[in-house]
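Reader: I work at the bench and want to learn to read a model like this one. Could you take me through it feature by feature?

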Amino acid sequence: MSVLWVVLGFVLLVIGGEYLVRSSVALSFKFNISKMVIGMTVVSFATSAPELLVSLQAAFTGSPAIAINNVVGSNIANIGLVLGVTTLVGPIIVDRSFYKLNWPVMMVFSIMLYYFLKNDNVLTAIEGACLFSGLILFIVVLIKHAKKDSIPDEVDDTLATVSNFKIIVWLLIGAVALYFGSEWLVDGSREIARSVGVSEAVIGVSLIAIGTSVPELAASIIAAAKQEKAISLGNLIGSNIFNIASVLGLTSLVKPIEVTDPRILTNDIFWMLGFAAVLIPLIFIPKQMQISRFKGFFLVLAYSVFMVFVYTT
């Protein structure tokens, strides 16, 4: 039965996230916000909603390990699984802004998270506020230096003509689906952890993390197969930044997140830092500024090793 709750939770999170993105973008058009700003802020926040609801639900129901490892595992999956599989379908060209801005910011946030957790085994409200404030600063810099044509493909022009009634309905569907999806996913995952004899941290960094990355994985594969540039390395790095700064930042503002499983700080978070750090040598190894199929295979292989290591130790 717990597996059924997990599956239903995943489905509702996907549905809720989709409707929240649609309603948020449509609502932003109503307030005459530019497409560029919508793409860089509204869409990014809305697509982080499933992870945010899962982390909040886990923190409030006494499963802080799931709250933290949901983000840590999702960041690992974004690079090892999503980026790796996507490049197996088709190589990705890397923009220079990756190593000039996006990658350094991701590393700074990742190291900040490690320091905050290692310092006193808790992510406090003040530390969460620091992370979220850093995210706001990052967005301001992004918007300031963005080109006029750098509008993410998630911003659909047709949403500008959506009626107010439909926006409200979409918001309600998104909110209800996200609430019950996160509740069922966390409860089901906790039961699975008990039944198979693994910790909640293991479930959070594997099962839940992969589940919350599935929509992005599907979108990436479809875009790569169509030879579209809808999914880039920058999108995935941005997602990792939002996961740390908005998901954990906002969650800790509502309720401080304690480290209850030492493996988070002695193992999992170092895998997250390692997957992030390896991107720099990967893009400079020939062919430069490109992640080829061979490099993608390396990332998927590394992710497979990580998953085996998680469950065998």
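## Reading the helices, contacts and surface

Author: Start inside helix α5. Its buried residues are F98, N102, W103, V105, M106, M107, F109, S110, L113, F116 and L117. Keep in mind that this is a predicted model.

Reader: How many residues does helix α5 have, and what span is expected for it?

Author: Compare the end-to-end reach with the expected rise of 1.5 Å a residue. Helix α5 covers residues 97-120, which is 24 residues. From first C-alpha to last it reaches 35 Å, close to the expected 34 Å.

Reader: Where does α5 bend, and by about how many degrees?

Author: A bend is an angle between two fitted axes, one on each side of a residue. In α5 the bend is about 30 degrees, at W103. A proline, P104, follows within four residues. W103 is also one of the buried residues of α5.

Reader: Now salt bridges. How many are there?

Author: Look for a side-chain nitrogen of Lys or Arg within 4 Å of a carboxyl oxygen of Asp or Glu. By that rule there are three salt bridges. One joins R22 and E18, at 3.0 Å from N to O.

Reader: Why are R22 and E18 about one helical turn apart?

Author: Check the spacing along the helix. R22 and E18 are separated by about one helical turn because they sit four residues apart in helix α1. R22 is partly exposed, with a relative accessible area of 31%. E18 is partly exposed too, at 40%.

Reader: Which salt bridge does D187 form?

Author: D187 pairs with R190, and their closest N and O atoms are 2.8 Å apart. Both lie in helix α7, residues 164-196. They are three residues apart, about one turn of the helix.

Reader: Is R190 buried or exposed?

Author: Use the cut-off: buried means under 20% relative accessible area. R190 has 10%, so it counts as buried. Its partner D187 is partly exposed, at 31%.

Reader: What does E191 meet in a salt bridge?

Author: The side chain of E191 meets that of R194, at 2.6 Å from N to O. This pair is in helix α7 as well, three residues apart, so about one helical turn separates them. E191 is partly exposed at 41% relative accessibility. R194 counts as exposed, at 54%.

Reader: Which residues form the nonpolar patch on the surface?

Author: Look for accessible nonpolar side chains that lie together. Here they are V3, V7, V11, I15 and I173, with about 370 Å² of accessible area together. Helix α1, residues 2-30, gives the most, with four residues. V3 is found in this helix. V3 counts as exposed because its relative accessibility is 52%.

Reader: How far is S252 from A125?

Author: Compare distance along the chain with distance in space. S252 and A125 are 127 residues apart along the chain, yet their C-alpha atoms are separated by 5.1 Å. S252 lies in helix α9, residues 233-254. Its relative accessibility is 0%, so S252 counts as buried.

Reader: Which residues does the "transmembrane region" annotation cover?

Author: Set the record beside the model. The unreviewed UniProt entry gives that annotation to residues 76-94, 123-143, 164-181, 201-225, 237-257, 269-285 and 294-312. In the model, residues 76-94 are 74% helix and 11% strand, with end C-alpha atoms 19 Å apart. Residues 237-257 are 86% helix and 5% strand, and their end C-alpha atoms lie 24 Å apart.

Definitions and conventions: Residues are numbered from 1 along each chain as its sequence is written. This is a predicted model: local features need pLDDT of at least 70, side-chain atom pairs count only at pLDDT 80 or more; totals for chains, interfaces and linings use all residues. Side-chain values use heavy atoms; hydrogens and water are left out. UniProt positions are given in the numbering used here, feature names are shortened, and annotations may be inferred rather than shown by experiment. Helices (H or I, at least four residues) and strands (E, at least two) are DSSP runs, numbered from the N terminus. Patches are made of residues with over 30% relative accessible area and no salt bridge: like charges are joined within 9 Å, nonpolar side chains (Val, Leu, Ile, Met, Phe, Trp, Tyr) within 5 Å. Accessible areas come from the Shrake-Rupley method with a 1.4 Å probe; for residues, only the protein chains shown count as cover. Buried means under 20% relative accessible area, exposed over 50%, partly exposed in between (1.4 Å probe, protein chains only). The expected span of a helix is 1.5 Å times one less than its number of residues. The bend at a residue is the angle between axes fitted to the seven residues ending there and the seven starting there.
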